[in-house]
Amino acid sequence: MKIPYYPGCTLNTVAKGLDTSARGAAEALGFEMAELSQWNCCGATFPLSTDNVMGLAAPAKVLSGARKEGDTLTTLCSVCYNVLKRTNKVIKDNREKRAVLNGFIEEDYDGSLNILHYLEVLRDKVGFAKVKEAVKRPLKGVKVGAYYGCMLLRPFEDIGIDNAERPTIFEDLLKALGATPVEFPDKIECCGAHLAMNNEAVVTKLSGNVMASATGVGAELIVTTCPLCQYNLEKSAPKVSQERPGFGAVPVVYFTQILGLALGQDVASLGFDKSVIDIMPLLKNKEII
Amino acid sequence: MPRIGVFVCQCGNNIAATVDTKKVAEDMAKVPGVVYTCDYKFMCSSPGQEMLKQAIKEQRLDGIIVSACSPHMHEKTFRKASEAAGINPYRCEVTNIREQCSWVHHDQTKRVGTIKSNDLTRMTIERLKKNSPLTRIKIPVKKKALVIGGGIAGIQAALDIAEGGREVILVEKEPSIGGNMARLSETFPTMDCSQCILTPKMVEAELHENIKLYTYSEVEKVDGYIGNFTVQIRRKSKYVDEDRCTGCGECIEKCPFKTDSQFELGLTKRKVIYTPFPQSVPNVPVIDAPNCPKIQKDKCGACAIVCGPKCIDFKMEDKIVTEEFGAIVVATGYQLMPNERFDEYGYGRIKDVINGMQFERLASSSGPTGGEIRRPSDGKVPKSIVFIQCVGSRDEKKGVSYCSKVCCMYTAKHTMLYSHKVHGGQSYVFYMDIRSGGKRYEEFTRKAIEKDNAMYLRGRVSRVYEKDGKVMVQGADTLSGTQVEIEADMVVLATAIVSRDGADTLAQRLGIGYDKYKFYNEYHPKLKPVETVTAGIYLAGTCMGPMDIPESVAQGSAAASKVLALFSSDEMAREPITSVVNKVTCNACWDCVTACPYSAIERDTIKNRQGEVVRWVAKVNDGVCQGCGVCVAACRSKSIDLKGYTDEQVFAAINAF
Amino acid sequence: MTDKDMEKTLREKARELLTSGEVKVVIGWGWNRARTKTTPIFITNPDETDRLIFNPLCVNNLSVYLTRKFKDIQALGRPAIVAKGCDIKNIVVLITEAQVKRQDVFIIGMVCEGMVYRQELWKGELTPEIMPTKCHNCDVRNPHVADFVIGGRSAFTPPEAPVGMVFEKIKALDGQAPSERWNFWINEFSRCIKCYACRQVCSLCFCERCITEKNMPQWIETSAHQRGNLSWNLTRAMHLVGRCTFCGECERACPVNIPLNLLNQKMIGVVKDAFDFRSGYDEKTHPPMIVFSPDDKENFIK
Amino acid sequence: MSGHEEQSGTTGGYEPKIMAFVCNWCTYAGADLAGTSRMEYRPNVRIIKLPCTGRIDPLFIIKAFENGADGVLVSGCHPGDCHYTTGNYHARRRWIGFKHLMEFTGIDMRRLHFSWVSASEAIKWVDLINNVTDEIKKLGPFMEYRGLKDAPPQAAE
């Protein structure tokens with residue numbers, strides 16, 4: 001199985017670990033992430049005003065290119081996924097905007113792509129049962145907080161990866177990997193996202209809520225699908241520790257990294273070294289490596 | 001050759017000012033088939049009508065044209081006069097030369113008005129030549145009513161019809177009548193206890209000589225039409241002989257098995273042989289067969305041993321009874337939307353998140369806690385409680401777009417009940433708008449806020465989660481523009497009122513319409529609020545949409561008055577404007593059956609002498625047909641026609657144009 | 001599978017059905033005496049099934065023989081009908097309109113790669129140039145409703161936007177002024193001789209009594225003058241709205257070559273756009289002209 | 001002989017013949033209201049009353065043109081207001097089909113009008129009749145259709 005793959009800018013730079021570990025895991029699971037021959041930035045935000053068709057041009061260009069390479073497209077970054085999937089829906093459902101966009105990007109794209117998040121590929125194309133079979137290094141005894149963030153779930157009628165209020169897809173994967181997912185109330189809350197640029201205090205507060213909520217129910221590790229979430233959480237951790245007595249920061253890693261870990265990949269290849277909070281002591285402590 | 005008389009009315013000067021009525025009369029005399037014409041000052045006056053009658057007799061007329069005002073005004077008058085003079089009323093037609101000619105053309109020359117009147121009258125004459133005599137349809141009326149649903153609306157309808165001296169069968173799905181109202185604690189805005197006002201009505205219905213209760217029963221099949229419905233009712237097996245049971249309750253006492261109580265909405269358990277609640281009517285227990293070990297595996301049988309009158313029969317089976325009715329009142333009520341749809345509020349996941357109806361049971365002195373507010377998880381008295389309004393209501397995305405109408409009021413009532421029962425407790429209400437239109441309703445909600453210290457927060461709740469034995473409620477307070485988080489002991493959701501499961505199936509059985517929420521459609525939202533498009537079937541209560549107790553009761557009475565009016569005569573007469581099928585040319589394609597808005601067309605067969613089906617043909621049921629003619633235009637082979645507006649009549653009129 | 005192979009399977013199946021008594025008659029195609037054209041044949045004897053043929057000249061839509069117009073054929077007993085996908089669409093409509101019960105007919109579906117209307121162009125090889133418009137846009141080359149399918153799966157997918165003469169002409173007419181269209185049609189209809197071949201060949205014109213034969217009142221003037229011709233052709237087109245499957249038989253049967261396909265295909269397009277309905281695919285859905293939606297859209301009712 | 005020619009004779013100019021098919025409950029009552037309100041409108045329209053627009057067979061319209069109508073108007077209750085609950089929805093479906101068919105045949109759509117006029121919309125009725133009459137007056141008699149009757153059939157080619 002070969003699935004056209006859109007990495008997105010962040011995965012080419014700071015979130016390289018998300019990209020390489022996902023490709024490695026795919027190989028171990030018997031499918032190939034075929035990177036698009038040509039792609040550009042997705043635009044990084046879905047325009048908030050409904051008449052801003054211009055803001056859809058960049059993702060439309062990605063989509064029209066991808067359609068030439070297949071009928072599905074997978075991506076890893078929550079933001080890319082959100083922007084691409086919603087843009088695709090607009091093109092598919094709104095004849096007028098489709099015409100405007102196609103006229104602008106000089107393509108003839110109809111919205112027929114099926115946009116899948118990597119998690120969906122694992123659930124629907126590979127199957128969690130098969131993932132479970134492939135596990136070589138079960139993450140036994142690790143209490144993991146699965147942090148969804150918002151981009152992966154909302155708006156639910158556009159995204160529909162899982163129940164927006166009570167998702168389980170992430171936990172189901174973690175169970176397949178042998179880990180113990182913990183249920184924490186803030187798992188679908190926002191990390192503060194782009195406010196990292198201009199209002200750090202808000203990010204510290206929101207990311208702090210998320211982490212404290214997870215560690216409060218015993219999480220020893222937080223996993224995420226989103227480079228922005230990962231960045232915000234890790235970045236905020238020291239300040240949160242100062243502000244909240246009793247808070248102990250835990251590592252924040254990408255789900256593909258621990259997927260690769262569980263599938264028995266070389267630990268050095270997973271990009272854990274990019275993390276601020278080292279995961280190694282935890283893994284050693286749990287005798288996983 | 002027909003003998004037609006044309007009477008042109010001057011209507012004082014109303015017509016005569018714009019139309020030369022004398023000339024119209026003269027001109028029409030030249031039309032073939034017309035043997036008598038005249039014009040007169042006021043055709044509708046007594047002398048005018050006398051003139052018409054006399055002309056019919058003297059001139060041996062067989063058809064009448066009155067060119068006068070709109071047929072909506074005096075068609076009935078002239079038809080009646082014609083009938084009195086011995087000709088069929090449907091051989092009398094009215095030409096509208098006032099509203100649609102003289103009055104709208106007084107700016108024109110008199111010649112123009114006269115020409116138009118001539119044209120219109122000539123078209124009517126040609127049409128009249130094709131008019132067949134018709135007889136009014138007489139339908140005998142069976143003076144017995146069926147009321148479906150034994151909630152407050154159905155009980156009220158049944159009682160009123162019974163008081164009017166007519167027989168009623170009241171069918172209820174559950175083992176007892178009472179409906180949702182039986183679950184309520186106190187009722188707004190008077191705060192009288194629901195049971196106290198409902199129970200006497202339930203007993204009255206049980207004891208009334210004109211009312212027969214069919215509890216634990218459902219309507220299976222409905223045939224027929226107004227005045228003559230045939231209904232099959234399934235009387236589910238209670239495993240207890242209703243006639244012999246004394247209601248002593250010994251069997252319930254001795255039954256060793258328990259299961260969740262539906263009446264108490266899972267807040268407590270009940271026995272496997274049970275009455276839903278202590279005041280049940282009839283006070284006859286039923287056995288919950290799927291949970292009864294005796295019925296399932298032939299083990300136990302304790303109830304039968306202790307039963308004095310020996311009225312328990314484990315082999316009892318469902319019975320189908322067929323009854324005939326003249327009218328049907330549908331009062332099947334509502335249910336609450338399944339809360340599980342709202343994951344953000346944690347219903348079903350967090351034990352101490354309950355819905356409004358469950359709170360009613362907690363507050364009810366006959367409820368599982370004896371009227372003390374205790375939370376389900378550990379039985380503690382909640383020191384702080386959050387009420388969330390509009391759960392599902394006014395929420396197009398995840399719920400329903402309409403307002404459930406009673407939640408603002410009952411939530412205010414809940415906060416009052418709470419403050420009276422839990423001293424020092426604090427209640428919070430998240431609301432969108434407080435809607436308290438109604439007599440003494442606004443005063444009531446004000447009282448909850450001002451006297452009973454309910455903290456009203458205008459905003460929505462985003463998340464409910466558990467933390468250290470508390471239920472945490474995150475939400476927005478839009479008036480102060482802040483995010484709030486409340487540490488509550490319990491959360492109550494004011495869940496949307498929705499139609500009953502299976503409401504659509506019943507509607508299809510009855511042939512009545514429903515909206516996209518499966519609430520039943522009234523004939524006209526303002527002027528015919530309890531009628532349906534199917535004559536003889538009426539609606540009452542929340543099966544039409546959310547409403548409160550007084551409205552439901554009023555509708556029950558309104559429906560009853562319609563039924564009594566229908567039952568006031570032995571026959572009902574209807575205009576004979578109905579469709580008729582040409583059986584020779586019918587293709588049996590059933591397009592007419594599909595198109596008919598009234599399900600008035602049936603599939604019928606033609607049989608030979610041996611009784612074998614030779615062919616299928618459509619057949620119009622005169623009792624149901626309302627005469628719209630949709631079927632006529634739908635029929636390609638022109639095998640169906642509408643009496644009073646036949647193809648020939650229309651064709652003749654067009655040709656005379 | 002070649003036509004010959006399909007023929008062989010067809011004959012075997014027909015024999016089997018007749019021998020077992022599962023059907024009493026097989027309605028199919030056979031050669032005319034000169035073996036230049038195909039003609040409908042009705043096989044009741046299992047020994048005669050070798051007369052059945054299948055090739056691109058089997059153009060007739062045999063579904064008409066299932067209707068009440070052919071009571072003598074109905075009297076033979078349960079039929080099996082040999083049908084191409086396009087013919088099956090008509091059978092589906094007949095089922096929807098209660099003229100045939102699905103279980104009362106055995107459908108032998110023939111995989112079809114296209115037909116040839118003018119046998120003089122047939123040189124034994126099927127090329128796109130000699131196929132009619134409907135075959136170029138056919139999405140039922142693999143029969144969609146059948147009890148038994150004969151032939152290898154066709155890989156043909158119809159073009160997204162329909163192609164062919166009929167569509168081009170409709171487009172051209174749509175672009176003209178009303179008066180030009182009027183002149184075009186009056187000229188075409190003026191040739192009509194009221195022979196009603198279009199009606200006779202059409203399986204959806206199954207009326208026990210056609211409206212044109214109703215004389216009280218006489219809705220449609222029977223004499224072949226232009227006014228009567230117009231009302232006949234308009235009425236027939238109107239009666240086919242939402243039902244016509246574009247099988248093309250009426251135009252093929254018309255002795256004076258009135259382009260009835262234009263009229264019918266135009267209305268198929270209207271129905272598709274306005275009600276998202278395509279006739280002949282689903283027996284459960286009512287034809288659009290006898291049902292409605294409160295949300296029907298139009299822009300001309302003021 | 002119809003009164004229209006006479007009418008034309010008196011006013012000097014051409015007066016079109018317009019036939020209206022209306023439903024009993026809404027449009028007919030609306031036209032009555034125009035009368036009781038003493039509004040004024042063009043006298044060219046001749047109304048045929050039917051119980052419901054659902055009763056209107058497209059053939060009625062063809063027949064009206066055959067009988068020399070220069071224009072036809074069809075009107076009934078607004079969607080949702082039908083006395084028979086859904087008759088006008090059925091009518092609307094048929095009209096959508098029929099209108100496209102007539103258009104494709106080349107009938108000038110200025111001669112065929114569809115509208116919803118409720119029992120209270122007397123003003124709408126008056127405006128409608130005036131506008132339709134004026135429009136058709138400009139077009140002149142529907143000679144294309146009227147002429148069909150006398151034209152002999154052409155020989156088949």
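This is a short talk about the cavities, chain contacts and a few unusual backbone spots in one structure.

Hi everyone, and thanks for coming. One thing to keep in mind as we go: this is a predicted model.

Let's start on the inside. How many cavities of 30 Å³ or more are there? The count comes to 8. The largest cavity has a volume of about 250 Å³, and the second largest has about 150 Å³.

If you have the structure open, please find the largest cavity. Its lining is made up of 21 residues. Those nearest its centre are Ala633(B), Ala634(B), Arg636(B), Met238(C) and His239(C). Which helices supply at least two residues each to that lining? They are helix H17 of chain B (630-634), helix H8 of chain C (226-240), and two helices of chain D, namely H3 (58-66) and H4 (87-105). Helix H8 of chain C gives the largest share, with 4 residues. As for the chemistry, the lining of this cavity has 13 nonpolar residues, 2 polar ones and 6 charged ones.

Now for the second largest cavity, with its volume of about 150 Å³. Here 15 residues form the lining, and the closest to the centre are Cys586(B), Asn587(B), Cys589(B), Cys592(B) and Cys635(B). Sorted by class, this lining holds 10 nonpolar, 3 polar and 2 charged residues.

Next, the chain contacts, beginning with chains D and B. Chain D puts 50 residues into this contact and chain B puts in 47. Between them the two chains bury about 4100 Å², with 60% of that on carbon and sulfur atoms. Three residues of chain D deserve a look here: Arg46(D), Arg55(D) and Tyr84(D) account for 16% of the area that chain D buries against chain B, more than any other three residues.

What about charge pairing? In general, side chains of opposite charge can pair when their charged atoms come close. Across the interface of chains D and B there are 4 salt bridges. Arg55(D) takes part in a salt bridge with Asp647(B), where the closest N and O atoms are 2.9 Å apart. This interface also has 19 residue pairs in polar contact.

Which elements of chain D supply at least two residues each to the side that touches chain B? The list runs helix H1 (3-11), strand S1 (18-23), helix H2 (27-36), strand S2 (45-50), and then helices H3 and H4. Helix H2 of chain D gives the most, with 7 residues. Overall, this side of chain D divides into 22 nonpolar, 16 polar and 12 charged residues.

Let's move to chains A and B. In this contact, 10 residues of chain A meet 8 residues of chain B. The two chains bury about 890 Å² between them, and 46% of that is on carbon and sulfur atoms. Glu165(A), Arg166(A) and Pro185(A) supply 54% of the area chain A buries against chain B, more than any other three residues.

Salt bridges turn up at this interface too, and there are 4 of them. In one of these, the side chains of Glu157(A) and Lys397(B) meet at 3.1 Å, N to O. The count of residue pairs in polar contact between chains A and B is 4. On the side of chain A that touches chain B, we find 3 nonpolar residues, 1 polar residue and 6 charged ones.

Over all chains, the whole structure has 96 salt bridges. For one within a chain, look at Lys22(B) and Glu26(B), which pair at 3.6 Å, N to O. Both sit in helix H1 of chain B (residues 21-28), 4 residues apart, or about one turn of the helix.

Last, some backbone spots to click on. Most residues other than glycine have a negative phi, and most peptide bonds are trans. Where are the exceptions I picked out? The peptide bond from Arg154(A) to Pro155(A) is cis, with omega near -5°. Pro155(A) sits in the loop between strand S5 (143-147) and helix H8 (156-159) of chain A. In chain C, the bond from Met216(C) to Pro217(C) is cis, with omega near -5°, and Pro217(C) is in the loop between helix H7 (197-201) and helix H8 of that chain. Finally, Met191(B) has a positive phi, near 65°. You'll find Met191(B) in the loop between strands S8 (186-187) and S9 (192-193) of chain B.

Thanks for listening, everyone!

Note on methods
Residues are numbered from 1 along each chain as its sequence is written. Chains are lettered from A and ligands numbered from 1 in the order in which they are written. This is a predicted model: local features need pLDDT of at least 70, side-chain atom pairs count only at pLDDT 80 or more; totals for chains, interfaces and linings use all residues. Side-chain values use heavy atoms; hydrogens and water are left out. On a 1 Å grid over the protein atoms alone, a cavity is a set of points where a 1.4 Å probe fits but cannot get out, and a pocket is an open set with protein on both sides within 12 Å along at least five of seven lines; lining residues have an atom within 4 Å of a point. Grid points are joined across faces, edges and corners, and a volume is the space filled by probe spheres set on the points. Ala, Val, Leu, Ile, Met, Phe, Trp, Tyr, Cys and Pro count as nonpolar, Asp, Glu, Lys and Arg as charged, and the others, Gly among them, as polar. Contact means heavy atoms within 4.5 Å. Buried area is the accessible area (1.4 Å probe) that two parts lose on being put together, summed over both. A polar contact is a pair of N or O atoms within 3.5 Å; within protein, one must be able to donate a hydrogen and the other to accept it, and residues adjacent in sequence count only if both atoms are side-chain atoms.
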